[in-house]
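User: Hi! I'm new to looking at protein models, could you walk me through this one?
Analyst: Happy to, let's bring it up.
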Amino acid sequence: MNINLTLIGQSVAFVVFVWFCMKFVWPPIVSALNERKTKIADGLAAAEEGQRAKAQAEEQVTQVTNEAKEQAQEIIRRAEKREAEMVEEAKGTARNEGDRILGAARGEIEKEANMAREALRAQVAALSVAGAAKILEQEVDEGAHAKMLDNLIEQL
Amino acid sequence: MASSEPLTTTGYIKHHLQNLTFGQFPDGTWGLAHGAAEAKAMGFWAIHVDTMFWSVFLGALFLWGFRKAAVRATSGTPSGFLNFVEWIVEFVDENVRGSFSHKNDLIAPLALTLFVWVLLMNLMDLVPVDWIPEIAKLMGIEYMKVVPTTDPNATFGMALGVFVLTLYYSIKVKGVGGFAAELTMQPFEAKNPILKVLFIPANFFLEFVSLVSKPVSLSLRLFGNLFAGEMIFILIALLFSGGAILAVAGGVLQWAWAVFHILIVLLQAFIFMTLTIVYLEMAHSHH
(Lines give C-alpha, C1' and ligand atoms only; values in the text may rest on other atoms or scores of the structure.)
Protein backbone atom coordinates (compact mmCIF):
# COMPACT_ATOMS: atom_id res chain seq x y z
CA MET A 1 0.00 0.00 0.00
CA ASN A 2 2.68 2.44 -1.00
CA ILE A 3 1.83 5.71 -2.66
CA ASN A 4 3.60 5.54 -5.99
CA LEU A 5 3.33 6.12 -9.71
CA THR A 6 -0.03 4.34 -9.72
CA LEU A 7 -1.44 7.62 -8.40
CA ILE A 8 -0.37 9.46 -11.55
CA GLY A 9 -1.41 6.56 -13.76
CA GLN A 10 -4.87 6.52 -12.24
CA SER A 11 -5.18 10.29 -12.65
CA VAL A 12 -4.27 10.02 -16.32
CA ALA A 13 -6.72 7.16 -16.81
CA PHE A 14 -9.35 9.27 -15.06
CA VAL A 15 -8.76 12.25 -17.36
CA VAL A 16 -8.83 10.09 -20.49
CA PHE A 17 -12.01 8.29 -19.46
CA VAL A 18 -13.80 11.51 -18.56
CA TRP A 19 -12.72 13.09 -21.84
CA PHE A 20 -13.93 10.09 -23.82
CA CYS A 21 -17.22 10.02 -21.96
CA MET A 22 -17.71 13.74 -22.52
CA LYS A 23 -16.92 13.52 -26.23
CA PHE A 24 -18.42 10.23 -27.35
CA VAL A 25 -20.80 8.84 -24.75
CA TRP A 26 -22.75 11.58 -23.05
CA PRO A 27 -23.79 13.82 -25.98
CA PRO A 28 -25.40 11.17 -28.22
CA ILE A 29 -27.33 9.58 -25.36
CA VAL A 30 -28.57 12.86 -23.93
CA SER A 31 -29.46 14.26 -27.34
CA ALA A 32 -31.39 11.07 -28.10
CA LEU A 33 -33.19 11.39 -24.78
CA ASN A 34 -34.02 15.03 -25.40
CA GLU A 35 -35.13 14.29 -28.93
CA ARG A 36 -37.41 11.57 -27.63
CA LYS A 37 -38.78 13.94 -25.02
CA THR A 38 -39.60 16.49 -27.72
CA LYS A 39 -41.12 13.77 -29.88
CA ILE A 40 -43.36 12.58 -27.07
CA ALA A 41 -44.36 16.13 -26.21
CA ASP A 42 -45.14 16.81 -29.87
CA GLY A 43 -47.15 13.60 -30.08
CA LEU A 44 -49.18 14.52 -27.02
CA ALA A 45 -49.75 18.01 -28.38
CA ALA A 46 -50.86 16.55 -31.72
CA ALA A 47 -53.22 14.16 -29.95
CA GLU A 48 -54.71 17.06 -28.03
CA GLU A 49 -55.00 19.06 -31.22
CA GLY A 50 -56.75 16.09 -32.86
CA GLN A 51 -59.17 15.84 -29.96
CA ARG A 52 -59.93 19.52 -30.24
CA ALA A 53 -60.40 19.27 -34.00
CA LYS A 54 -62.72 16.32 -33.50
CA ALA A 55 -64.80 18.24 -30.96
CA GLN A 56 -64.93 21.17 -33.33
CA ALA A 57 -66.00 18.94 -36.22
CA GLU A 58 -68.70 17.39 -34.07
CA GLU A 59 -69.96 20.82 -33.15
CA GLN A 60 -69.99 21.78 -36.80
CA VAL A 61 -71.86 18.61 -37.69
CA THR A 62 -74.49 19.42 -35.09
CA GLN A 63 -74.77 22.94 -36.38
CA VAL A 64 -75.07 21.88 -40.00
CA THR A 65 -77.62 19.23 -39.10
CA ASN A 66 -79.67 21.75 -37.18
CA GLU A 67 -79.49 24.20 -40.03
CA ALA A 68 -80.58 21.52 -42.47
CA LYS A 69 -83.44 20.55 -40.21
CA GLU A 70 -84.51 24.17 -39.95
CA GLN A 71 -84.30 24.56 -43.68
CA ALA A 72 -86.32 21.44 -44.25
CA GLN A 73 -88.91 22.73 -41.80
CA GLU A 74 -88.97 26.04 -43.61
CA ILE A 75 -89.37 24.34 -46.98
CA ILE A 76 -92.19 22.17 -45.66
CA ARG A 77 -93.83 25.21 -44.14
CA ARG A 78 -93.55 27.13 -47.40
CA ALA A 79 -94.81 24.18 -49.40
CA GLU A 80 -97.83 23.87 -47.13
CA LYS A 81 -98.52 27.55 -47.50
CA ARG A 82 -98.17 27.31 -51.24
CA GLU A 83 -100.47 24.32 -51.29
CA ALA A 84 -103.11 26.25 -49.38
CA GLU A 85 -102.64 29.14 -51.74
CA MET A 86 -102.98 26.91 -54.76
CA VAL A 87 -106.10 25.32 -53.40
CA GLU A 88 -107.49 28.79 -52.73
CA GLU A 89 -106.53 29.88 -56.21
CA ALA A 90 -108.09 26.80 -57.76
CA LYS A 91 -111.19 27.37 -55.75
CA GLY A 92 -111.34 30.96 -56.99
CA THR A 93 -110.78 29.94 -60.59
CA ALA A 94 -113.40 27.24 -60.33
CA ARG A 95 -115.86 29.66 -58.80
CA ASN A 96 -115.19 32.19 -61.54
CA GLU A 97 -115.49 29.57 -64.19
CA GLY A 98 -118.72 28.37 -62.65
CA ASP A 99 -120.01 31.90 -62.48
CA ARG A 100 -119.02 32.46 -66.05
CA ILE A 101 -120.72 29.27 -67.20
CA LEU A 102 -123.72 30.10 -65.11
CA GLY A 103 -123.79 33.60 -66.58
CA ALA A 104 -123.51 32.23 -70.10
CA ALA A 105 -126.25 29.72 -69.40
CA ARG A 106 -128.42 32.42 -67.96
CA GLY A 107 -127.82 34.59 -71.05
CA GLU A 108 -128.67 31.67 -73.25
CA ILE A 109 -131.83 31.01 -71.30
CA GLU A 110 -132.72 34.69 -71.45
CA LYS A 111 -132.13 34.68 -75.15
CA GLU A 112 -134.16 31.54 -75.66
CA ALA A 113 -136.90 32.92 -73.53
CA ASN A 114 -136.84 36.16 -75.43
CA MET A 115 -136.96 34.33 -78.70
CA ALA A 116 -139.81 32.19 -77.46
CA ARG A 117 -141.55 35.29 -76.21
CA GLU A 118 -141.08 37.01 -79.56
CA ALA A 119 -142.41 33.97 -81.33
CA LEU A 120 -145.26 33.76 -78.92
CA ARG A 121 -145.95 37.41 -79.32
CA ALA A 122 -145.98 37.05 -83.09
CA GLN A 123 -148.26 34.10 -82.87
CA VAL A 124 -150.51 35.91 -80.42
CA ALA A 125 -150.60 38.86 -82.80
CA ALA A 126 -151.51 36.57 -85.62
CA LEU A 127 -154.09 34.84 -83.44
CA SER A 128 -155.38 38.16 -82.26
CA VAL A 129 -155.69 39.40 -85.80
CA ALA A 130 -157.36 36.17 -86.78
CA GLY A 131 -159.56 36.39 -83.72
CA ALA A 132 -160.43 39.98 -84.35
CA ALA A 133 -161.15 39.23 -87.98
CA LYS A 134 -163.41 36.48 -86.90
CA ILE A 135 -165.08 38.71 -84.41
CA LEU A 136 -165.47 41.54 -86.79
CA GLU A 137 -166.26 39.23 -89.64
CA GLN A 138 -164.57 41.61 -91.74
CA GLU A 139 -161.39 42.18 -93.33
CA VAL A 140 -159.21 44.18 -91.09
CA ASP A 141 -156.76 46.29 -92.77
CA GLU A 142 -153.65 45.09 -91.24
CA GLY A 143 -151.78 48.14 -92.27
CA ALA A 144 -154.37 50.42 -90.74
CA HIS A 145 -154.62 48.63 -87.54
CA ALA A 146 -151.04 47.70 -87.12
CA LYS A 147 -150.50 50.35 -84.48
CA MET A 148 -153.37 49.09 -82.44
CA LEU A 149 -152.20 45.56 -82.82
CA ASP A 150 -148.73 46.43 -81.70
CA ASN A 151 -150.17 48.05 -78.65
CA LEU A 152 -152.14 44.96 -78.03
CA ILE A 153 -149.02 42.83 -78.31
CA GLU A 154 -147.20 45.12 -75.91
CA GLN A 155 -149.89 44.56 -73.32
CA LEU A 156 -149.57 40.83 -73.55
CA MET B 1 -7.07 -20.93 1.67
CA ALA B 2 -6.06 -22.59 -1.50
CA SER B 3 -2.34 -22.31 -1.50
CA SER B 4 0.34 -24.90 -2.25
CA GLU B 5 3.03 -23.51 0.03
CA PRO B 6 2.49 -23.61 3.76
CA LEU B 7 1.11 -20.22 4.71
CA THR B 8 0.29 -18.68 8.03
CA THR B 9 -2.87 -16.65 8.52
CA THR B 10 -0.84 -13.48 8.61
CA GLY B 11 0.98 -14.51 5.48
CA TYR B 12 -2.32 -15.19 3.70
CA ILE B 13 -3.69 -11.77 4.60
CA LYS B 14 -0.47 -10.02 3.69
CA HIS B 15 -0.37 -11.82 0.39
CA HIS B 16 -3.87 -10.66 -0.40
CA LEU B 17 -3.06 -7.08 0.47
CA GLN B 18 0.08 -6.93 -1.66
CA ASN B 19 -0.15 -5.25 -5.05
CA LEU B 20 1.69 -6.53 -8.07
CA THR B 21 4.36 -3.83 -8.16
CA PHE B 22 6.61 -3.04 -11.08
CA GLY B 23 9.57 -0.79 -10.47
CA GLN B 24 13.31 -0.37 -10.13
CA PHE B 25 15.21 -2.53 -7.65
CA PRO B 26 17.89 -0.92 -5.52
CA ASP B 27 20.52 -2.59 -7.73
CA GLY B 28 19.24 -0.66 -10.77
CA THR B 29 17.37 -3.44 -12.61
CA TRP B 30 13.64 -3.24 -13.34
CA GLY B 31 11.13 -5.91 -12.51
CA LEU B 32 8.22 -7.11 -10.41
CA ALA B 33 8.66 -6.89 -6.65
CA HIS B 34 8.62 -10.13 -4.68
CA GLY B 35 7.02 -9.21 -1.39
CA ALA B 36 6.14 -6.07 0.49
CA ALA B 37 9.68 -5.11 1.47
CA GLU B 38 10.92 -5.06 -2.10
CA ALA B 39 7.89 -3.09 -3.26
CA LYS B 40 8.48 -0.54 -0.52
CA ALA B 41 12.11 -0.22 -1.47
CA MET B 42 11.12 0.77 -5.01
CA GLY B 43 9.81 4.07 -3.69
CA PHE B 44 7.55 6.38 -5.68
CA TRP B 45 8.70 5.37 -9.16
CA ALA B 46 6.92 2.06 -9.13
CA ILE B 47 3.53 1.15 -10.45
CA HIS B 48 0.83 -1.23 -9.25
CA VAL B 49 0.27 -3.26 -12.39
CA ASP B 50 -2.82 -5.02 -11.04
CA THR B 51 -4.54 -1.80 -9.97
CA MET B 52 -3.80 -0.13 -13.28
CA PHE B 53 -4.85 -3.17 -15.28
CA TRP B 54 -8.18 -3.67 -13.52
CA SER B 55 -9.08 0.01 -13.34
CA VAL B 56 -8.26 0.64 -16.98
CA PHE B 57 -9.93 -2.60 -18.03
CA LEU B 58 -13.11 -1.72 -16.11
CA GLY B 59 -13.06 1.88 -17.31
CA ALA B 60 -12.65 0.70 -20.88
CA LEU B 61 -15.43 -1.84 -20.36
CA PHE B 62 -17.72 0.95 -19.18
CA LEU B 63 -16.85 3.25 -22.07
CA TRP B 64 -17.11 0.44 -24.62
CA GLY B 65 -20.56 -0.58 -23.40
CA PHE B 66 -21.87 2.94 -23.09
CA ARG B 67 -20.36 3.96 -26.42
CA LYS B 68 -22.14 1.04 -28.06
CA ALA B 69 -25.37 2.20 -26.50
CA ALA B 70 -24.66 5.80 -27.50
CA VAL B 71 -24.21 4.82 -31.13
CA ARG B 72 -27.49 2.96 -31.10
CA ALA B 73 -29.34 5.65 -29.15
CA THR B 74 -32.28 7.03 -31.10
CA SER B 75 -35.38 8.98 -30.25
CA GLY B 76 -37.40 5.83 -30.96
CA THR B 77 -38.39 3.15 -28.48
CA PRO B 78 -35.33 1.95 -26.55
CA SER B 79 -34.87 -1.65 -25.50
CA GLY B 80 -32.60 -3.95 -23.58
CA PHE B 81 -29.16 -2.66 -22.72
CA LEU B 82 -29.90 0.76 -24.16
CA ASN B 83 -32.76 1.08 -21.70
CA PHE B 84 -30.42 0.28 -18.85
CA VAL B 85 -27.83 2.79 -20.03
CA GLU B 86 -30.45 5.47 -20.45
CA TRP B 87 -31.72 4.76 -16.97
CA ILE B 88 -28.24 5.32 -15.51
CA VAL B 89 -27.66 8.41 -17.63
CA GLU B 90 -30.97 9.90 -16.53
CA PHE B 91 -30.23 9.05 -12.91
CA VAL B 92 -26.85 10.82 -13.10
CA ASP B 93 -28.33 13.70 -15.06
CA GLU B 94 -31.01 14.20 -12.44
CA ASN B 95 -28.43 14.20 -9.66
CA VAL B 96 -26.28 16.73 -11.48
CA ARG B 97 -29.29 18.95 -12.13
CA GLY B 98 -30.23 18.70 -8.47
CA SER B 99 -26.85 19.69 -7.04
CA PHE B 100 -25.16 21.69 -9.78
CA SER B 101 -26.78 24.98 -10.74
CA HIS B 102 -24.28 26.35 -13.26
CA LYS B 103 -23.74 25.79 -16.95
CA ASN B 104 -20.89 23.34 -17.50
CA ASP B 105 -20.93 20.52 -20.02
CA LEU B 106 -18.15 18.67 -18.25
CA ILE B 107 -19.90 17.97 -14.95
CA ALA B 108 -22.51 15.46 -16.08
CA PRO B 109 -20.16 13.22 -18.12
CA LEU B 110 -17.64 13.49 -15.30
CA ALA B 111 -20.24 12.37 -12.79
CA LEU B 112 -21.36 9.51 -15.05
CA THR B 113 -17.78 8.32 -15.57
CA LEU B 114 -16.98 8.43 -11.87
CA PHE B 115 -20.19 6.73 -10.84
CA VAL B 116 -20.03 3.81 -13.25
CA TRP B 117 -16.27 3.41 -13.10
CA VAL B 118 -16.11 3.43 -9.32
CA LEU B 119 -19.13 1.14 -9.18
CA LEU B 120 -17.48 -1.39 -11.51
CA MET B 121 -14.23 -1.26 -9.54
CA ASN B 122 -16.13 -1.70 -6.29
CA LEU B 123 -18.09 -4.61 -7.74
CA MET B 124 -14.84 -6.53 -8.17
CA ASP B 125 -15.02 -6.86 -4.40
CA LEU B 126 -17.91 -9.30 -4.80
CA VAL B 127 -15.80 -11.76 -6.75
CA PRO B 128 -14.62 -14.34 -4.21
CA VAL B 129 -11.24 -13.18 -2.95
CA ASP B 130 -9.22 -16.18 -4.09
CA TRP B 131 -10.57 -16.76 -7.59
CA ILE B 132 -8.64 -14.25 -9.64
CA PRO B 133 -5.41 -14.42 -7.54
CA GLU B 134 -5.37 -18.21 -7.94
CA ILE B 135 -5.87 -17.97 -11.71
CA ALA B 136 -3.09 -15.40 -11.78
CA LYS B 137 -0.89 -17.75 -9.80
CA LEU B 138 -1.49 -20.46 -12.39
CA MET B 139 -0.35 -17.96 -15.00
CA GLY B 140 2.76 -17.30 -12.95
CA ILE B 141 1.74 -13.97 -11.50
CA GLU B 142 2.65 -13.82 -7.83
CA TYR B 143 0.37 -11.05 -6.59
CA MET B 144 -3.03 -9.93 -7.81
CA LYS B 145 -5.20 -7.41 -6.01
CA VAL B 146 -8.34 -7.19 -8.08
CA VAL B 147 -10.26 -4.33 -6.45
CA PRO B 148 -8.62 -1.08 -7.59
CA THR B 149 -10.57 1.00 -5.08
CA THR B 150 -8.86 -0.85 -2.22
CA ASP B 151 -5.64 0.72 -3.43
CA PRO B 152 -5.30 4.28 -2.07
CA ASN B 153 -3.36 5.19 -5.20
CA ALA B 154 -6.47 4.63 -7.30
CA THR B 155 -8.82 6.59 -5.08
CA PHE B 156 -6.28 9.37 -4.55
CA GLY B 157 -5.64 9.46 -8.27
CA MET B 158 -9.30 10.12 -9.01
CA ALA B 159 -9.66 12.55 -6.12
CA LEU B 160 -6.60 14.37 -7.41
CA GLY B 161 -8.29 14.77 -10.78
CA VAL B 162 -11.37 16.15 -9.07
CA PHE B 163 -9.18 18.45 -6.94
CA VAL B 164 -7.41 19.86 -9.99
CA LEU B 165 -10.77 20.50 -11.64
CA THR B 166 -11.96 22.22 -8.45
CA LEU B 167 -8.95 24.53 -8.46
CA TYR B 168 -9.27 25.15 -12.20
CA TYR B 169 -12.92 26.14 -12.02
CA SER B 170 -12.43 28.16 -8.83
CA ILE B 171 -9.86 30.30 -10.60
CA LYS B 172 -11.73 30.35 -13.89
CA VAL B 173 -15.01 31.47 -12.34
CA LYS B 174 -13.76 33.79 -9.59
CA GLY B 175 -10.39 34.79 -10.96
CA VAL B 176 -7.10 34.44 -9.10
CA GLY B 177 -7.99 37.39 -6.85
CA GLY B 178 -11.45 36.09 -6.10
CA PHE B 179 -10.13 32.65 -5.25
CA ALA B 180 -7.36 34.12 -3.09
CA ALA B 181 -9.92 36.30 -1.32
CA GLU B 182 -12.05 33.26 -0.70
CA LEU B 183 -9.05 31.58 0.93
CA THR B 184 -8.00 34.55 3.06
CA MET B 185 -10.98 36.85 3.73
CA GLN B 186 -13.26 34.43 5.52
CA PRO B 187 -14.60 32.98 7.78
CA PHE B 188 -13.25 35.86 9.94
CA GLU B 189 -14.34 39.08 8.33
CA ALA B 190 -13.56 42.63 9.32
CA LYS B 191 -14.21 46.14 7.99
CA ASN B 192 -11.01 47.50 9.49
CA PRO B 193 -8.11 47.01 7.00
CA ILE B 194 -5.59 46.29 9.76
CA LEU B 195 -7.81 43.67 11.30
CA LYS B 196 -8.40 42.27 7.85
CA VAL B 197 -4.66 41.75 7.34
CA LEU B 198 -4.36 40.28 10.82
CA PHE B 199 -7.09 37.76 10.05
CA ILE B 200 -5.40 36.54 6.87
CA PRO B 201 -3.17 33.85 8.44
CA ALA B 202 -5.99 32.38 10.52
CA ASN B 203 -8.40 32.48 7.59
CA PHE B 204 -5.89 30.97 5.23
CA PHE B 205 -5.08 28.19 7.64
CA LEU B 206 -8.73 27.26 8.09
CA GLU B 207 -9.64 27.54 4.41
CA PHE B 208 -6.55 25.71 3.28
CA VAL B 209 -7.28 22.81 5.58
CA SER B 210 -10.85 22.64 4.37
CA LEU B 211 -9.70 22.85 0.75
CA VAL B 212 -7.15 20.07 1.09
CA SER B 213 -9.40 17.94 3.24
CA LYS B 214 -11.88 17.63 0.37
CA PRO B 215 -9.83 15.36 -1.92
CA VAL B 216 -8.34 13.56 1.07
CA SER B 217 -11.71 12.75 2.58
CA LEU B 218 -13.13 11.96 -0.85
CA SER B 219 -10.49 9.36 -1.57
CA LEU B 220 -10.08 8.00 1.95
CA ARG B 221 -13.83 7.45 2.35
CA LEU B 222 -13.95 5.27 -0.73
CA PHE B 223 -10.69 3.53 0.04
CA GLY B 224 -11.56 2.93 3.69
CA ASN B 225 -14.97 1.45 2.97
CA LEU B 226 -13.77 -0.85 0.25
CA PHE B 227 -10.58 -1.82 2.04
CA ALA B 228 -12.55 -2.76 5.14
CA GLY B 229 -15.01 -4.73 3.03
CA GLU B 230 -12.20 -6.55 1.28
CA MET B 231 -10.52 -7.23 4.62
CA ILE B 232 -13.66 -8.86 5.96
CA PHE B 233 -13.94 -11.03 2.84
CA ILE B 234 -10.33 -12.12 3.40
CA LEU B 235 -11.00 -12.91 7.07
CA ILE B 236 -14.12 -14.87 6.12
CA ALA B 237 -12.08 -16.76 3.53
CA LEU B 238 -9.75 -17.85 6.34
CA LEU B 239 -12.64 -19.82 7.82
CA PHE B 240 -12.55 -22.21 4.86
CA SER B 241 -9.30 -23.66 6.19
CA GLY B 242 -10.78 -24.39 9.60
CA GLY B 243 -12.68 -27.63 8.94
CA ALA B 244 -16.15 -28.49 7.64
CA ILE B 245 -18.21 -26.60 10.22
CA LEU B 246 -16.20 -23.42 9.94
CA ALA B 247 -16.20 -23.74 6.16
CA VAL B 248 -20.01 -23.89 6.08
CA ALA B 249 -20.17 -20.94 8.44
CA GLY B 250 -17.69 -19.15 6.20
CA GLY B 251 -19.87 -19.81 3.17
CA VAL B 252 -22.94 -18.40 4.88
CA LEU B 253 -21.00 -15.41 6.17
CA GLN B 254 -19.47 -14.71 2.80
CA TRP B 255 -22.86 -14.73 1.16
CA ALA B 256 -24.36 -12.50 3.86
CA TRP B 257 -21.48 -10.05 3.75
CA ALA B 258 -21.59 -9.97 -0.05
CA VAL B 259 -25.28 -9.09 0.05
CA PHE B 260 -24.62 -6.34 2.55
CA HIS B 261 -21.59 -5.23 0.60
CA ILE B 262 -23.69 -4.62 -2.53
CA LEU B 263 -25.19 -1.74 -0.61
CA ILE B 264 -21.78 -0.35 0.33
CA VAL B 265 -20.46 -0.78 -3.19
CA LEU B 266 -23.36 1.13 -4.66
CA LEU B 267 -23.50 3.71 -1.92
CA GLN B 268 -19.78 4.55 -2.07
CA ALA B 269 -19.91 4.98 -5.85
CA PHE B 270 -22.91 7.26 -5.45
CA ILE B 271 -21.25 9.25 -2.65
CA PHE B 272 -18.09 9.68 -4.68
CA MET B 273 -20.10 11.03 -7.58
CA THR B 274 -22.30 13.29 -5.46
CA LEU B 275 -19.38 14.79 -3.53
CA THR B 276 -17.56 15.46 -6.78
CA ILE B 277 -20.60 17.34 -8.07
CA VAL B 278 -20.91 19.25 -4.79
CA TYR B 279 -17.22 20.23 -4.73
CA LEU B 280 -17.43 21.50 -8.29
CA GLU B 281 -20.63 23.36 -7.49
CA MET B 282 -18.77 25.05 -4.61
CA ALA B 283 -15.93 25.91 -6.97
CA HIS B 284 -18.40 27.61 -9.31
CA SER B 285 -20.31 29.64 -6.75
CA HIS B 286 -19.21 32.81 -4.98
CA HIS B 287 -19.29 32.91 -1.23
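Analyst: One term before we start: a pocket here is an open set of grid points with protein on both sides within 12 Å along at least five of seven lines, and its lining residues have an atom within 4 Å of a point. Also keep in mind that this is a predicted model.
User: OK, so which residues lie nearest the centre of the largest pocket?
Analyst: Those are Trp26(A), Lys103(B), Asn104(B), Asp105(B) and Ala108(B), out of 15 residues in the lining.
User: And what volume does the largest pocket have?
Analyst: About 310 Å³.
User: Which elements give two or more residues to that lining?
Analyst: From chain A there is α1 (6-136), and from chain B there are α4 (81-99) and α5 (107-123). The most comes from α1(A), with four residues.
User: How do the lining residues divide by class?
Analyst: Nine are nonpolar, two are polar and four are charged.
User: Switching topic: how many residues does each chain put into the contact?
Analyst: Chain A brings 30 residues and chain B brings 53 residues. The area buried between the two chains is about 3,800 Å², and carbon and sulfur atoms give 73% of that.
User: Why talk about area at all?
Analyst: Because the size of an interface is often given as the accessible area lost when the parts come together.
User: Got it. How many salt bridges are there between chain A and chain B?
Analyst: The count is one. In that salt bridge, the side chain of Arg36(A) meets that of Glu86(B), at 2.8 Å from N to O.
User: What classes of residue does chain A have on the side that touches chain B?
Analyst: There are 20 nonpolar, six polar and four charged residues on that side.
User: And how many residue pairs are in polar contact between the chains?
Analyst: Ten, counting pairs with both residues at pLDDT 80 or more.
User: How many salt bridges are there over all chains?
Analyst: A search of the whole structure gives eleven. One example pairs Glu74(A) with Arg78(A), whose closest N and O atoms are 3.5 Å apart.
User: Where do Glu74(A) and Arg78(A) lie?
Analyst: Both are in helix α1 of chain A, four residues apart, which is about one turn of the helix.
User: Last one: what is the secondary structure of chain B?
Analyst: Chain B has nine helices and three strands. Along the sequence, the pattern reads α-β-β-α-β-α-α-α-α-α-α-α. The C-alpha trace of chain B spans about 75 × 60 × 40 Å along its principal axes.

Notes. Residues are numbered from 1 along each chain as its sequence is written. Chains are lettered from A and ligands numbered from 1 in the order in which they are written. This is a predicted model: local features need pLDDT of at least 70, side-chain atom pairs count only at pLDDT 80 or more; totals for chains, interfaces and linings use all residues. Side-chain values use heavy atoms; hydrogens and water are left out. Contact means heavy atoms within 4.5 Å. Buried area is the accessible area (1.4 Å probe) that two parts lose on being put together, summed over both. A salt bridge is a side-chain nitrogen of Lys or Arg within 4 Å of a carboxyl oxygen of Asp or Glu. A polar contact is a pair of N or O atoms within 3.5 Å; within protein, one must be able to donate a hydrogen and the other to accept it, and residues adjacent in sequence count only if both atoms are side-chain atoms. Ala, Val, Leu, Ile, Met, Phe, Trp, Tyr, Cys and Pro count as nonpolar, Asp, Glu, Lys and Arg as charged, and the others, Gly among them, as polar. On a 1 Å grid over the protein atoms alone, a cavity is a set of points where a 1.4 Å probe fits but cannot get out, and a pocket is an open set with protein on both sides within 12 Å along at least five of seven lines; lining residues have an atom within 4 Å of a point. Grid points are joined across faces, edges and corners, and a volume is the space filled by probe spheres set on the points.
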